[in-house]
Amino acid sequence: MLQDLIALIFPQNCINCDQSLNSVEKFLCTPCKIDLPFTNDVHNPDNELLRKFSFEPKVKSASSYLYFHRGGVTQKLLHHLKYKGKKDLGVELGKWFAPSLRELPIDLVVPVPLHKSKLRKRTFNQSEQISIGISEVLNAEVKSDLAKRIIATETQTKKSKVQRWTNMENVYAKISEDLSGQSALVVDDVITTGATTGMLCQRLVEANVKEIHIVSIARGK
Ligand SMILES: [Zn+2]
């Protein structure tokens, strides 16, 4: 009832088409939600995303929920999540994606961490919000502090590829916990090159994780 009242006082509009939402719709109207650019990665085990992580045999699956196009609905969703402070949208996206991940054997949900300087600026980690939504559906524990991000920079365009890789190696601190026998779901908002996600996977492997599954809300085509 309170939510209906809030909706009445502050009517919400669809992030994509600006139509007003009804009381059961969240962030997107039903037609826009149906029209989302789904990747179908979960039903295509040998997909492009998984190939980015083929260097690590413990990575057993990788899937993105949506394709990312410049100016498209996915970009709008992520923009509202990351830069307009819509924390709940992250949880909601996780809940939308999670039912298709039910077959995965998951013990831990590991959000890709933000460096503390970025976290301070944004006030929350968008991947953690997505993880919360996923874990509610999958009934698995969210482990946010497993691997701390210790290098903030991502833009090292002036450096050579080799230098960039050596810099990348220590993006995340070593994990002190022993993850033997556990299967981890690594959650990111967008995966482009997969380099930082890959570094996180290596830390999980060093901590004896049994297997890794990677998901993201978005990826390029
Ligand atoms: Zn709409």
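What geometry does the site of the zinc ion have, given the angles among its 4 donor atoms? Let us begin there and then walk through a few other places in this predicted model.

## The zinc site

The site is tetrahedral, with angles of 102 to 117° among the 4 donor atoms of the zinc ion. Those donors are the SG atoms of Cys14, Cys17, Cys29 and Cys32, and they lie 2.3 Å from the ion. Along the sequence, the donor residues follow the spacing C-x2-C-x11-C-x2-C. Cysteine 14 sits in the loop between helix H1 (2–9) and helix H2 (30–34), while cysteine 32 belongs to helix H2, so this pair ties together parts that are 18 residues apart in sequence.

Are cysteine 14 and cysteine 32 buried or exposed? Both of them are buried.

## Helix H5 and its surroundings

Next, have a look at helix H5, which covers residues 87–97. Of its 11 residues, 8 are buried, so H5 is largely enclosed by the rest of the structure. The buried residues are Leu89, Gly90, Val91, Glu92, Leu93, Gly94, Trp96 and Phe97.

What covers these buried residues of H5? The cover includes two strands, E1 (59–67) and E5 (211–219), along with the helices H2, H4 (73–83) and H7. Helix H2 is also the helix that holds cysteine 32 of the zinc site.

## Where H5 meets H7

Helix H7 spans residues 126–138, and its axis comes within 6 Å of the axis of H5. The two axes cross at roughly 40°, and H5 and H7 are therefore oblique to each other. The crossing in which H5 passes H7 is right-handed.

Which residues meet here? On the H5 side they are Lys87, Gly90, Val91, Gly94 and Lys95. On the H7 side they are Gln129, Ile130, Ile132, Gly133, Ile134, Glu136 and Val137. Gly90, Val91 and Gly94 also appear among the buried residues of H5.

## Valine 112, a buried loop residue

Our last stop is valine 112, found in the loop between strand E2 (108–111) and helix H6 (116–122). This loop residue is buried, with a relative accessible area of 6%, a value that falls under the 20% cut-off for that label.

Which residues does valine 112 contact, leaving aside its neighbours within four places in sequence? They are Asn125, Ser127, Tyr172, Val186, Val187, Asp188, Thr197 and Leu200. One of these, Ser127, falls in the 126–138 stretch of H7. As for alanine 207, 95 residues apart from valine 112 along the chain, the C-alpha atoms of the two residues are separated by 16 Å.

Definitions and conventions
Residues are numbered from 1 along each chain as its sequence is written. This is a predicted model: local features need pLDDT of at least 70, side-chain atom pairs count only at pLDDT 80 or more; totals for chains, interfaces and linings use all residues. Side-chain values use heavy atoms; hydrogens and water are left out. Donors are N, O and S atoms within 2.8 Å of the metal (3.2 Å for Na, K and Ca); water is not among the atoms, so sites may look incomplete. Four donors count as tetrahedral if all angles lie between 85 and 135 degrees; four count as square planar and six as octahedral if opposite donors are over 155 degrees apart and all others between 65 and 115; anything else is irregular. Helices (H or I, at least four residues) and strands (E, at least two) are DSSP runs, numbered from the N terminus. Buried means under 20% relative accessible area, exposed over 50%, partly exposed in between (1.4 Å probe, protein chains only). Axes are lines fitted to C-alpha atoms, for helices over the stretch in contact, and angles run from 0 to 180 degrees between N-to-C directions. Angles under 35 degrees count as roughly parallel, over 145 as roughly antiparallel, 65 to 115 as roughly perpendicular and the rest as oblique. A crossing is left-handed if the near helix is turned anticlockwise from the far one by less than a right angle, and right-handed if clockwise. Contact means heavy atoms within 4.5 Å.
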